[in-house]
Structures are given as structure tokens and as C-alpha cells.
Amino acid sequence: MNSNYIQPRTRQELSQALGQMTENSRIIAGGTDLMASDHGRDSSTDLYISLFCLGDMAEIYREDGWVRIGAGAVHDAIEKNPIIQENFRALSMACSKVGSQQIRNKGTIGGNLVNASPAGDMLPCVCLFLGEVEILRADDTTYRMPARDFILGAGKTALKPKEALYAVWLPIQEGRSSTFVKLGSRKEVTIAQISMAVSWEKGEYFQKIEGYLGAVDTRPIYLEEMNHILSGRAVGREEREELVSSLRERIRVIRENRKRPPKLKITEAEQLYKERAVRSVVYDAIDQMEGES
Ligand SMILES: Cc1cc2nc3c(=O)[nH]c(=O)nc-3n(C[C@H](O)[C@H](O)[C@H](O)COP(=O)(O)OP(=O)(O)OC[C@H]3O[C@@H](n4cnc5c(N)ncnc54)[C@H](O)[C@@H]3O)c2cc1C
């Protein structure tokens, strides 16, 4: 089948294009995931909608106590944006660690979220910052929902047919700092084996700590124990080891409850590796938190 290709230049043109989509149509942003997947080579694709010429979809700006990141903003632009660096350091750090420079130049935050890979580095960050996603419909209206509800599982989101992810909104929380740690198998182009995004209130000790663990389950895991174990005290070896034990136990339970073989064929040995390796993630994260405070 010959595929049609539409390159909308305005939001209205994009809405009209969404109205033409069938179940065999694909949206393409940077193409770094799509073109490497079966969908990118699928001859039954009847329509590609490219987001490349939508300037508004790449913009990042402040509005009413929120920062709006267009779904088409690429990792490199998000990493270097001063508003992101000032308010959402963990997100800037995560973007700086995505793939190679080529991938960071083309890959978008929207593609990362819609792809919903458990190893996606944007997922724990957007959840950490209580982000909301703005979704565009074919009738040119939009609606918002919490990012935590948008990510349903590995490769699954709440996006409905004839909809596009239009922007990500993050509320600005004054007086907080954040960091991001990623453990992978290589220094460059590393897919996360474990990632951790943490934010806390600045002060003499860490306070009101929020944390998410990425890449160990199908969705980012909220770490309620972080605040309990680390906040309001000097953090020494005992607290670090208590957190390590808690996270090891969580990863063990996930491994043992996995009902079907994971899509990425993660082996038993790799899962056991995660239980051990989480220790260095915890130590790195706390070292970085101490360096920031
Ligand atoms: C070598 C390599 C290394 C990588 N390393 C990392 C890494 O370290 N960390 C990481 O997190 N990811 C990594 N990735 C994955 C990838 O680069 C990112 O997930 C990227 O952000 C995807 O964005 P994209 O714009 O290229 O998406 P695309 O490939 O264009 O699209 C991905 C999916 O999302 C859909 N889509 C895209 N935008 C929208 C939208 N606005 N609305 C609705 N649907 C949309 C597409 O239809 C498609 O199904 C890597 C990829 C490669 C090839």
C-alpha cells in the first residue's frame, strides 16, 4: 500500500490530519523509536503524520505557575533550557543521558512518553514532577490528565484513536531540588537498567522527599519509603542500607510476580542483577542529593 504523508504546520491542520487517521496510520515525531520498530517498516501504514513543522509543539515556556513543554521538544533542547535547569533539574539531567547526541537532537519527550517503554527516561521524571499531559483531539479541542494515569504499562498509554500528545505541563514547586541517576550497561547510548528520579525540599536536612524508580517494572514505581527513611535527619550508612534493602525487596517481588515473559526478554540473571545493582543507584542518588543541598 502507498502511504500518504502529511506535514501539518498549525495545530488546526494537525487536528484535521488526526481526523483522517485509521488504525493503520502513524504519527511520527523524531522517528527514533518508530523507524526502528515494526510500525516504521509496516507496508500497511496508510498515513504518516509528521510533527516536524509544528513550531508550537517544540516550545517550552512558563504559564500561570506551570512550565509547558511542547510534545515535540527534543531531549537536547529540554536539557539546555534554563527554565528546566532551574526548576526541574532531574529532567534536564535525564535528557542529557538519553542515547547519543544524535538521538537527543531528534528524539522528543512526546515520543518517549507515547512509546511508554519501561526503560524510557522521561517517565519517572514526569511522574516525579506531578506532570500533566495535554492531549489534542481531531475537533481541535484539548484536555489534560495526570501523566501517572496516562502511562498504563509497557507500550500502553491512555491515548485514544485520532488523538495526539500535544504538550507536557509541570507545576513549578518553589524551594525544591531534584536529581536523576541512571544505571545502564554502557557509558554512551545506554538503555536504563534502573533509573531513579528524586526531589526534596531544601534545608538543613532533606525534607518531603519524593522518589520514583524507573525501568524495573512496566510503569515507574513511587518510592514512599524514601521520605520515611531519609527525611529530617543526617543520612549515614544505616539509612542508605535501609533504603537499599527496601528497594531490593520491591524488585524481588516484581521479579517473582512477573506472570509472562517480558517483551524485552529480560533474563532471570538480569533481574537478579537489578536487585544487587540498586545499591549503587541509591548511593549515587544520595551522594548527588548531598552535593546539591
Ligand atoms: C540508539 C537509541 C538509543 C536510545 N536511548 C534512549 C535512552 O537512553 N533513554 C530513553 O528514554 N530513550 C532512548 N531511546 C528511545 C527514543 O530515542 C526516545 O524514546 C525518543 O524520545 C522517542 O521520541 P521520537 O520523537 O523519536 O518518537 P517517534 O519514534 O517519532 O515516535 C515514537 C512513538 O510515539 C508516537 N508519537 C510520537 N509523538 C507523538 C505525539 N506527539 N502524539 C502521539 N503519538 C506520538 C509515534 O507514533 C510512535 O508510536 C533510544 C533510541 C535509540 C534508537
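**Figure 1. H75 sits buried in this predicted model.** The relative accessible area of H75 is 3%. That is under the 20% limit, so H75 counts as buried. Helix α2, residues 75-80, holds H75. Leaving aside neighbours within four places in sequence, H75 is in contact with C95, V98, I103, R104, G107, T108, I109, N112 and M122. H75 is also among the residues that come nearest to the ligand.

**Figure 2. K97 and H75 across a stretch of sequence.** The two residues are 22 residues apart in sequence. In space, their C-alpha atoms are 9.1 Å apart. K97 lies in the loop between α4 and α5 (101-106). Is H75 buried or exposed? H75 is buried. K97, at 32% relative accessibility, counts as partly exposed. Beyond its neighbours within four places in sequence, K97 is in contact with D121, F180 and K182.

**Figure 3. The shell around the ligand.** The ligand has 30 residues around it. Of these, I27, T32, L34, H75 and T108 come nearest. By type, the shell divides into 15 nonpolar, 11 polar and four charged residues. Three elements, β2 (25-28), α6 (109-115) and β10 (163-171), each supply at least two residues of the shell. Which element gives the largest share? Helix α6 does, with three residues.

**Figure 4. Backbone atoms that face polar atoms of the ligand.** A polar backbone atom of A29 is 2.8 Å from an oxygen atom of the ligand. For D121, a polar backbone atom is likewise 2.8 Å from a ligand oxygen. At L165, a backbone N or O atom lies 2.8 Å from a nitrogen atom of the ligand. Taken alone, the ligand exposes 980 Å². The protein buries 87% of that area.

**Figure 5. Helix α4 under cover.** Helix α4 spans residues 89-96 and is mostly covered. How many of its eight residues are buried? Six are. They are A90, L91, S92, M93, A94 and C95. L91 touches I69, I78, I84, M122, C125, F129 and L170, not counting residues up to four places away in sequence. C95, another buried residue of α4, is in contact with H75.

**Figure 6. Two nonpolar cores.** The largest nonpolar core has 52 residues. L14, I69, I78, L91, L113 and F150 touch the most other members. Helix α7, residues 122-128, gives the most to this core, with six residues. Another core, of 29 residues, lies apart from it. Its members include W200, I229, V281 and V282.

**Figure 7. Two aspartates with positive phi.** Most residues other than glycine have a negative phi. D64 has a positive phi, near 50°. Its place is in the loop between β4 (60-63) and β5 (66-70). With 72% relative accessibility, D64 counts as exposed. D140 also has a positive phi, near 70°. The loop between β6 (132-137) and β7 (142-146) holds D140. What is the relative accessibility of D140? The value is 27%, so D140 counts as partly exposed.

Definitions and conventions. Residues are numbered from 1 along each chain as its sequence is written. This is a predicted model: local features need pLDDT of at least 70, side-chain atom pairs count only at pLDDT 80 or more; totals for chains, interfaces and linings use all residues. Side-chain values use heavy atoms; hydrogens and water are left out. A residue is near a molecule or strand if one of its heavy atoms lies within 4 Å of it. A polar contact is a pair of N or O atoms within 3.5 Å; within protein, one must be able to donate a hydrogen and the other to accept it, and residues adjacent in sequence count only if both atoms are side-chain atoms. Accessible areas come from the Shrake-Rupley method with a 1.4 Å probe; for residues, only the protein chains shown count as cover. Helices (H or I, at least four residues) and strands (E, at least two) are DSSP runs, numbered from the N terminus. Ala, Val, Leu, Ile, Met, Phe, Trp, Tyr, Cys and Pro count as nonpolar, Asp, Glu, Lys and Arg as charged, and the others, Gly among them, as polar. Buried means under 20% relative accessible area, exposed over 50%, partly exposed in between (1.4 Å probe, protein chains only). A nonpolar core is a set of buried Ala, Val, Leu, Ile, Met, Phe, Trp, Tyr and Cys residues joined through side-chain atoms within 4.5 Å. Contact means heavy atoms within 4.5 Å.
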